[in-house]
Amino acid sequence: MDHLRFCLNDRWIDLKDISPTTTVLRYLRDHAHLTATKEGCAEGDCGACTVAVAEERPDGKRTYRAINACLLLLPMVQGKRVYTAEALKRNGEYHLVQRAMAENLGSQCGYCTPGIVMALFEACYRDDLDQPWKIDAQMAGNLCRCTGYRPIRAAANEVAGKRPDDHFAQALGPGVKDEPMQLAYTSPHTQQRYYNPATFEELWDVLDREPEARIVAGGTDLSLEVTKRYADPPVLVSLEAIAGLKGVRPGAGGGHVFGATTPVTDLEDWASAHSPPLERMLRYFGARAIKNRATVGGNLCNASPIGDLAPVLIALGAEAVLRSRAGERRMPLEDFFVAYRKTALEPKEILAGVKVPPLPPHARVSAYKVSKRRELDISAVSAGLCVTVDPTSRRVTSARLAYGGMAATPARARKTEAALVGQVWTEDSVLAAAKQLAEDFTPLSDHRGSAPYRALVARNLLLGFFEETKAQPCPRLPHPHTATVEVR
Ligand SMILES: Cc1cc2nc3c(=O)[nH]c(=O)nc-3n(C[C@H](O)[C@H](O)[C@H](O)COP(=O)(O)OP(=O)(O)OC[C@H]3O[C@@H](n4cnc5c(N)ncnc54)[C@H](O)[C@@H]3O)c2cc1C
Ligand code: FES
Ligand code: FES
């Protein structure tokens, strides 16, 4: 396809002369004059711009996903169905989620309301809201300044998982198909190009032809360059349409491979059944609408020292799988990060995924994120910690202690690891080894935490890990309380 095409509120739209870095939010408000969708922060933090996009889940079923339109570039919905709050009222009848908000008095000024309604819309058609806290997590990215969250929460509890057999349920059914995402678009005015190659061959061809190309996946990082720094990247190449890069699959020789474009939501679902340490880290990663777009590869390739996936994956012994026309190469994930925000990727090479081996026998493993706020915040310090302890001698046989926020890249505490290996796994030996953290890291002070604070947190996480894994070698997070106010 050589132009932009997507289905907006049940009507297919074809666009031939718009910049491909126009966000869906700007398109809705400035071009389509659908102004229910609001702009609050323009950086994924407030939820005022939430829309719903029909997406395929890993099990092949289609579902609605709430997504921040302020971070979504138009070609990212190529061939997909998008709904805004304007579409919900049908044949003069308000949708269940609109009625629930009104009847629970969930709106005052109403600025946040269309975004909240679209987050509720996702909740309404979900079939996996089996714990009360998951309903809170669904809404964690939607801020409201004036109503107060109790009535909004009541509306959410009322509609979650209701899945009425209506027009929107039918639009998810087997009879309704999306169109292909494949795209090679040039804006006639700006000459900006945007590609959605569908195969690796197409990808390598585009990368050969377009030396200025930037790779993009979910866009939750890259779109901020457009919305906040007013960048206009001349060529973007998205990996989203390449089927072989998405999803979790068994790895050759055991373990699993997480495809680079697997959304964090899908990885979290997998981790909740298979990997408690990964599930712990992903629970407090962004909020639902961010997780619905953020990908595994994007999180690792932005090479942020405070990206949440790297420490836990390094602790789990992950390998980065890199791919180019020349073939595949692999390296320990810790070696993928070569300097502040720099990776080992060569030009025209992509991260295809990460391979995570099975847990070694007698492993104790966990992951921690420390931030100022529990939901939708960035880590000050994070850690993925894994030790193996011989059950007879009680001695540590291996240690992988990976930290984020302590250096220019996510990094292992090699000296602390060396001080632990061979020691009996006791509080005293952990305390003694933790002294080496000062040799491993010289953290910086910034607005998320001072250097002494970070050093203390890193030490305390190791001690906490010792305590927490006494009873359970691979602890899960408990289900959180669902509200600060008990509603009886
Ligand atoms: C509101 C908000 C909250 C957030 N919260 C968190 C959080 O709690 N924890 C956290 O860790 N992060 C968080 N992030 C950051 C971001 O969402 C994640 O890092 C996300 O995983 C990035 O993935 P993406 O696919 O959206 O990346 P993109 O924006 O698509 O890409 C990011 C970078 O990686 C490159 N890239 C992407 N995929 C590949 C690939 N396969 N091969 C080569 N290069 C590639 C791109 O060129 C770009 O430079 C948050 C962001 C926002 C806006
Ligand atoms: S405008 Fe705030 S999340 Fe998009
Ligand atoms: S009702 Fe005013 S911001 Fe929510």
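## Naming the pieces

Helices and strands here are DSSP runs, at least four residues of H or I for a helix and at least two of E for a strand, and they are numbered from the N terminus. With those names in hand, N91 can be placed in the loop between β5 (81-83) and α2. Keep in mind that this is a predicted model.

## The big nonpolar core

Let's start inside. The largest nonpolar core has 145 residues, and those with the most contacts inside it are V24, V97, L120, V159 and L313. Helix α3 (residues 113-125) supplies the largest share of this core, with 9 residues.

L120 is worth a closer look. Leaving out residues up to four places away in sequence, L120 touches V97, A100, A155, A156 and V159.

## α2 against α3

Two packed helices are described by the angle between their axes and the distance between the axes. For helix α2 (residues 96-103) and α3, the axes come within 9 Å and cross at roughly 125°. That angle makes α2 oblique to α3. The crossing of α2 past α3 is right-handed.

Which residues make this contact? On the α2 side they are L96, V97, Q98, A100 and M101, and on the α3 side T113, I116, V117, L120, F121 and C124. Sorted by class, the contact of α2 with α3 has 9 nonpolar and 2 polar residues, and no charged ones.

## α2 against α5

Helix α2 also packs on helix α5 (residues 149-159), at an angle of about 145° and with the axes 8 Å apart. Here too there is a right-handed crossing, with α2 passing α5.

L96, V97, A100 and M101 of α2 meet A155, E158 and V159 of α5. How do the residues of the contact of α2 with α5 divide by class? The split is 6 nonpolar, no polar and 1 charged.

## A covered helix: α10

Is helix α10 (residues 276-283) mostly covered or mostly open? Mostly covered: 7 of its 8 residues are buried. Those buried residues are P277, L278, E279, R280, M281, L282 and R283. The cover over the buried residues of α10 includes α9 (264-274), α13 (309-315), β17 and β18 (381-389).

One resident of helix α9 is W270. W270 counts as partly exposed, with 18 C-beta neighbours inside 10 Å, since a residue needs 20 or more to be called buried. If you want a feel for how W270 sits relative to V97, the two are 173 residues apart in sequence and 28 Å apart in space, C-alpha to C-alpha.

## Two unusual backbone angles

Most residues other than glycine have a negative phi. N91 goes the other way: it isn't a glycine, yet its phi is positive, at about 50°. Is N91 buried or exposed? N91 is exposed, with 5 other C-beta atoms within 10 Å, and the cut-off for exposed is 12 or fewer.

H362 is not a glycine either, and its phi is positive at about 60°. Where is H362 found? Look in the loop between β16 (350-356) and β17 (363-370). With 13 other C-beta atoms within 10 Å, H362 is partly exposed.

Definitions and conventions. Residues numbered from 1 in each chain as written. Chains lettered and ligands numbered in written order. Predicted model: local features only at pLDDT ≥ 70, side-chain atom pairs only at ≥ 80, totals over all residues. Core = buried A, V, L, I, M, F, W, Y, C linked by C-beta atoms within 7 Å. Contact = placed C-beta atoms within 7 Å. Axes fitted to C-alpha atoms, helices over the stretch in contact; angles between N-to-C directions. Parallel < 35°, antiparallel > 145°, perpendicular 65-115°, else oblique. Left-handed = near helix turned anticlockwise from the far one by under 90°. Nonpolar A, V, L, I, M, F, W, Y, C, P; charged D, E, K, R; others polar.
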